[in-house]
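Reader: I'd like a close look at one part of this model. Could you walk me through it?

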Amino acid sequence: MSVHIGAQPGDIVERVLLPGDPMRAKWIAETYLKDPVCYTQVRGMLGYTGTWRGVPVSVQGTGMGMPSASIYTHELINEYGVRSVIRIGSCGAIIDSLKLGDVVAAIGSATDSNMNRVRFDGLIDYAPVADFGLLRTAAEVAEGRGVPMRVGPILAADAFYSDRPDLYGRLADYGVLAVEMESAAIYTTAARYGARALTILTVSDHITREERMTPAEREQGFDNMVQIGLDTAIAGAA
Ligand SMILES: O=P(O)(O)O[C@H]1O[C@H](CO)[C@@H](O)[C@H]1O
Ligand SMILES: O=c1cc[nH]c(=O)[nH]1
């Protein structure tokens with residue numbers, strides 16, 4: 001086992017879905033995967049492996065925020081040989097044209113996190129981006145399913161409760177679609193260790209309209225996103 005994941009070598013397969021919420025990982029495993037096996041309960045951050053359309057897939061909770069997500073992404077890639085990670089999360093819409101339940105894929109992730117400033121000594125504004133192959137596959141899968149999926153940049157924020165909500169409006173002026181809290185760290189960690197990463201999100205809140213899903217909807221109301229994530233994860237392996 002690694003420091004934060006209680007799995008043995010071989011328990012986790014090379015393609016992993018990453019919800020922030022560990023209870024969403026449990027729901028996905030029990031709802032979509034065949035013969036799911038829970039391989040870790042360390043810190044309550046549940047992880048499962050099963051099969052989707054006959055192909056082995058793992059699903060691992062990451063917790064909230066970039067420090068937590070980067071721990072799980074690092075250990076999955078470096079300790080368990082994971083080659084592709086697809087975050088499936090909730091987000092707050094920044095732009096007006098998104099509504100609750102809409103699906104978003106993050107082509108790139110702006111961030112207020114200090115982690116990459118430390119990495120590059122504050123000299124470079126590193127641009128965390130999605131793997132193009134995964135993004136293209138997800139776009140094709142969404143289209144094939146008839147699910148409109150908005151592709152664009154998002155914000156990965158350290159704070160859920162921001163003291164600077166005025167910045168959301170400015171980000172919208174620059175085409176930033178939505179805010180969540182992990183994508184920049186997952187994209188950066190995957191890039192650093194030669195793995196592929198994508199973030200797909202479902203709009204659970206609207207930042208300016210003050211609309212929001214219930215906690216139960218955030219845990220289990222994401223069918224379109226989950227199935228796009230699963231089909232994208234197994235593309236080429238089926
Ligand atoms: O629904 P998840 O995947 O946890 O993602 C979003 O929800 C949490 C905040 O409520 C943060 O983790 C944010 O990124
Ligand atoms: O990080 C997040 C996730 C969902 N909704 C938000 O407003 N922020």
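Reader: Let's take the shell around ligand 1: how many nonpolar, polar and charged residues does it have? And from there, which strands pair with β9?

Author: Keep in mind that this is a predicted model. By class, the shell around ligand 1 breaks down into 4 nonpolar, 3 polar and 3 charged residues. The residues that surround the ligand are Pro19, Gly20, Asp21, Met64, Gly89, Ser90, Phe160, Glu180, Met181 and Glu182.

Gly89 is a handy link to your second question, since Gly89 surrounds the ligand together with the others and also stands opposite Leu201 in β9. Strand β5, residues 84-93, runs parallel to β9, with 10 bridges between them. β9 itself spans residues 196-206 and is mostly covered, with 8 of its 11 residues buried.

Two more strands pair with β9. Strand β6 (residues 103-111) does so in the antiparallel sense over 3 bridges, and there Val103 stands opposite Thr202. Strand β10 (residues 211-212) is antiparallel to β9 too, over 2 bridges, with His206 opposite Glu211. β9 and β10 form a hairpin with 4 residues between the strands, and Glu210 takes a positive phi near 55° there.

Stepping back, the protein has 8 helices and 10 strands, and 47% of its 238 residues are buried. Its radius of gyration is 17 Å, which agrees with the value near 18 Å for a compact globule of 238 residues.

Technical notes. Residues numbered from 1 in each chain as written. Chains lettered and ligands numbered in written order. Predicted model: local features only at pLDDT ≥ 70, side-chain atom pairs only at ≥ 80, totals over all residues. Near = placed C-beta within 6 Å. Nonpolar A, V, L, I, M, F, W, Y, C, P; charged D, E, K, R; others polar. Rg over C-alpha atoms; globule rule 2.2 N^0.38 Å. Buried ≥ 20, exposed ≤ 12 C-beta atoms within 10 Å, placed from the backbone. Pairing = 2+ DSSP bridges.
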